[in-house]
Amino acid sequence: MQISSRFSVAVHVLSLLALQQENDVLLTSERMAGSVNTNPVVIRRLLGQLKKAGLVEVRPAAGGTFLTRRPAAITLLEVYRAVEVVEAGQLFSVHDKPNPACLVGRNIQSALDDTLQRAQTALEQVLAGVTLQQVTTDIVAKA
């Protein structure tokens, strides 16, 4: 199991939008889907989540999609929270219904809870410290 690819696809799409705004290029969901190499429907669903979070403005028909803020004002934590369906403190889950008659099964959840919460907190702190501007700067530098 792994975290879904929605987060990386969302950062990909937002990076495209950030760079297109610099170059005054209209981006449709079809063009974004071509870059991500996925179906435009996937991109439109993701854009809906990003719009709901206030990160993008979507103009109907071929009006395009635009960032609502400067890339330097959008953190990766905001993107993560916009597209990942993870409750606070629930990034990691322990398997359901371990055997209560077993010493390990009875105690595995409580043994891991603190460690997993600290791991999620660390992830969120790192994401909060990185902006979309930093990502696009890295992309351009690697070109």
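The largest nonpolar core here has 30 residues, and Val13 and Leu50 are the ones that touch the most other members. Keep in mind that this is a predicted model. With that said, here's how the core is put together, how H1 meets H4, and how confident the predictor is.

**The core**
- Five elements each put two or more residues into this core: helices H1 (6-23), H2 (29-36), H3 (40-52), H4 (76-83) and H6 (132-142).
- H1 is the top contributor, giving 8 residues.
- Take Val13, which shares the top spot with Leu50 for touching other core members: once you set aside neighbours within four places in sequence, Val13 is in contact with Met32, Val36, Ile43, Leu46 and Leu47.

**How H1 meets H4**
- The two helices pack with their axes 9 Å apart, at an angle of about 125°.
- That angle falls outside the ranges for roughly parallel, perpendicular or antiparallel, so H1 counts as oblique to H4.
- The crossing of H1 past H4 is right-handed.
- On the H1 side, the contact is made by Arg6, Phe7, Ala10, Val11 and Leu14.
- On the H4 side, the residues making the contact are Leu76, Val79, Tyr80 and Val83.

**Confidence**
- Mean pLDDT for the chain is 90, with 93% of residues at 70 or more.
- Among the chain's elements, H6 has the highest mean pLDDT, at 97.
- Strand S2 (residues 64-67) has the lowest mean among the elements, at 90.
- Wherever pLDDT is low, don't read the predicted coordinates in detail.

Conventions
Residues numbered from 1 in each chain as written. Predicted model: local features only at pLDDT ≥ 70, side-chain atom pairs only at ≥ 80, totals over all residues. Heavy atoms only, no water. Core = buried A, V, L, I, M, F, W, Y, C linked by side-chain atoms within 4.5 Å. Buried < 20%, exposed > 50% of the residue type's maximum accessible area, 1.4 Å probe, protein only. Helix = DSSP H or I, 4+ residues; strand = E, 2+ residues; numbered from the N terminus. Contact = heavy atoms within 4.5 Å. pLDDT = per-residue confidence, 0-100. Axes fitted to C-alpha atoms, helices over the stretch in contact; angles between N-to-C directions. Parallel < 35°, antiparallel > 145°, perpendicular 65-115°, else oblique. Left-handed = near helix turned anticlockwise from the far one by under 90°.
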